[in-house]
Amino acid sequence: MDEKSEGLEYPINQELLSDATQAKEQWKVVKDRLQKIEDHRERVSPPVYDRVLADYRERLKEVTEAVLEKKRSIDRELVSLYDTQKKIAAQLESHRHALEEIKFRNVLGEFAEEEYQRKAKEEQEKISKFETVLAAVNTNISRYEDLFREEAELFSYEGHTEEVSTPASAFEVTSEELMPEAEGPDYFTAPHEVTTPGEDVFEESKTARTKSAAKASAASQRARVVIISGDDAGATYPVKETVSFGRAEVNTVVLRDAKVSRQHAKIVQKGNEFVLLDLSSSNGTFVNGQRIDEHVLSNNDEFQIGDTTLQFQA
């Protein structure tokens with residue numbers, strides 16, 4: 001990567017981040033003191049207990065409103081960042097396709113060697129630039145999101161009625177876009193019959209599909225992946241239809257490890273099952289110590305990608 005690309009940054013609103021962090025810490029202090037009031041209730045007379053409790057409940061209301069105001073500002077920043085993330089990722093993908101086309105045309109003999117090297121270098125420099133910017137944007141998004149990730153209680157305190165939520169990312173690239181799905185049955189080798197089912201068969205099939213969809217939806221709501229060892233130990237990712245793992249920034253779970261391939265592995269939901277697939281990675285994917293190409297995950301299965309160990313929970 002050239003010097004110009006290395007210097008690219010996407011600035012974060014540091015003042016907002018600092019103010020929001022401070023507001024959240026003040027909220028935690030008041031919450032802790034309210035708990036201490038309850039823990040030491042028997043040490044004071046009822047009038048003193050009631051007076052101090054009322055005081056801290058009022059303080060809690062004030063600090064909660066303050067931190068929620070910062071949260072709303074951060075949500076607005078996130079909406080802008082998600083939009084930027086999506087645009088940069090689209091440009092990055094476009095340049096990757098352009099480089100791939102140049103290489104393919106070179107195989108066909110369209111370019112002289114010097115022309116090929118020049119064109120390929122230009123596209124690679126653009127790819128490096130957009131990868132750098134996308135990494136900076138993703139870092140900023142993570143810093144904003146992590147601030148309130150574990151504070152669900154903050155948005156359901158007594159007396160608070162406004163619904164506040166972090167906007168879902170407008171950009172989610174799944175590994176289906178990186179690798180085609182497995183093909184269906186081979187109708188050229190497998191015997192099959194074509195029949196016209198009656199209405200009862202259609203109704204039975206419809207009911208079965210409805211039940212299957214309900215089970216799959218419930219399974220998807222529970223399933224998650226937790227990093228239990230590695231640089232991001234403790235990070236948790238919900239499993240919804242597909243989760244991709246790899247070194248490239250477009251993955252759901254980005255693992256910055258030289259042993260990890262750019263598109264290394266993915267989890268795909270099939271009905272109410274979750275299947276871990278290795279995407280022809282260089283160093284392999286391991287489940288419970290065994291290298292796999294494809295594995296149906298069970299609750300608490302541990303799998304390893306590079307130096308990172310993850311656990312599937314359902």
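Biologist: At what angle do the axes of helix α2 and helix α3 cross, and how many Å do they come within?

Modeller: In this predicted model, the axes of α2 (residues 14-39) and α3 (residues 46-107) cross at roughly 155 degrees and come within 9 Å.

Biologist: What makes α2 and α3 roughly antiparallel to each other?

Modeller: Set the angle against the cut-off. The axes cross at roughly 155 degrees, and an angle over 145 counts as roughly antiparallel. α2 and α3 therefore earn the label roughly antiparallel. As for handedness, the crossing of α2 and α3 is left-handed. The residues in the contact of α2 with α3 divide by class into 15 nonpolar, 2 polar and 9 charged.

Biologist: And α3 with α4: at what angle do they pack, and how far apart are their axes?

Modeller: α3 and α4 (113-148) pack at about 160 degrees, and 8 Å separates their axes. The cut-off is again over 145, so α3 is roughly antiparallel to α4. α3 passes α4 in a left-handed crossing. By class, their contact holds 22 nonpolar, 8 polar and 9 charged residues.

Biologist: Why is α2 called roughly parallel to α4?

Modeller: Look at the angle first: α2 and α4 pack at about 15 degrees, with axes 10 Å apart. Angles under 35 degrees count as roughly parallel, so that is the name α2 and α4 get. The crossing of α2 and α4 is left-handed.

Biologist: Which residues of α2 meet α4, and which residues of α4 do they meet?

Modeller: On the α2 side there are Q14, L16, L17, A20, T21 and K24; on the α4 side there are R143, Y144, L147 and F148. Sorted by class, the contact of α2 with α4 has 6 nonpolar, 2 polar and 2 charged residues.

Biologist: Which residues of α2 are buried?

Modeller: L16, L17, A20, A23, K24, W27, V30, L34 and I37. Buried here takes a relative accessible area under 20%. The cover over these α2 residues includes α3 and α4. As a general point, an α-helix has 3.6 residues a turn, so residues three or four places apart point the same way.

Biologist: How do you know that the length of α2 is close to what is expected?

Modeller: α2 has 26 residues and should reach 38 Å at 1.5 Å a residue; from its first C-alpha to its last, α2 reaches 37 Å.

Biologist: And what makes the span of α3 agree with its 62 residues?

Modeller: It's the same kind of check. At 1.5 Å a residue, α3 should span 92 Å, and its end C-alpha atoms lie 86 Å apart, which agrees. After α3 comes G109, with a positive phi near 90 degrees.

Biologist: R59 caught my eye. Where is R59 found?

Modeller: R59 is found in helix α3.

Biologist: Why is R59 called partly exposed?

Modeller: Its relative accessible area is 34%. Buried is under 20% and exposed is over 50%, so a value of 34% leaves R59 partly exposed. Leaving aside residues up to four places away in sequence, R59 touches V30 and R33. V30 is one of the buried residues of α2. The C-alpha atoms of R59 and K31 are 9.6 Å apart, though the two residues are 28 positions apart along the chain.

Biologist: What makes D231 count as exposed?

Modeller: The relative accessibility of D231 is 74%, and exposed means over 50%, so D231 counts as exposed. D231 is placed in the loop between β1 (224-229) and β2 (236-238). R256 is 25 residues away from D231 along the chain, with 8.6 Å between their C-alpha atoms.

Biologist: How do you know whether S280 is buried or exposed?

Modeller: Same cut-off: S280 has 67% relative accessibility, so it counts as exposed. S280 is in the loop between β6 (273-278) and β7 (285-287).

Biologist: What is the value of phi in S280?

Modeller: Near 55 degrees, which is positive in a residue other than glycine. N288 is another non-glycine residue with a positive phi, near 50 degrees. N288 is found in the loop between β7 and β8 (290-292).

Biologist: Last one, for the protein chain as a whole: how many helices and strands are there?

Modeller: The protein chain has 5 helices and 11 strands. Of its 314 residues, 36% are buried. Taking contacts with a separation of 6 or more, 57% are between residues 24 or more positions apart.

How values were computed. Residues are numbered from 1 along each chain as its sequence is written. This is a predicted model: local features need pLDDT of at least 70, side-chain atom pairs count only at pLDDT 80 or more; totals for chains, interfaces and linings use all residues. Side-chain values use heavy atoms; hydrogens and water are left out. Axes are lines fitted to C-alpha atoms, for helices over the stretch in contact, and angles run from 0 to 180 degrees between N-to-C directions. Helices (H or I, at least four residues) and strands (E, at least two) are DSSP runs, numbered from the N terminus. Angles under 35 degrees count as roughly parallel, over 145 as roughly antiparallel, 65 to 115 as roughly perpendicular and the rest as oblique. A crossing is left-handed if the near helix is turned anticlockwise from the far one by less than a right angle, and right-handed if clockwise. Ala, Val, Leu, Ile, Met, Phe, Trp, Tyr, Cys and Pro count as nonpolar, Asp, Glu, Lys and Arg as charged, and the others, Gly among them, as polar. The expected span of a helix is 1.5 Å times one less than its number of residues. Buried means under 20% relative accessible area, exposed over 50%, partly exposed in between (1.4 Å probe, protein chains only). Contact means heavy atoms within 4.5 Å.
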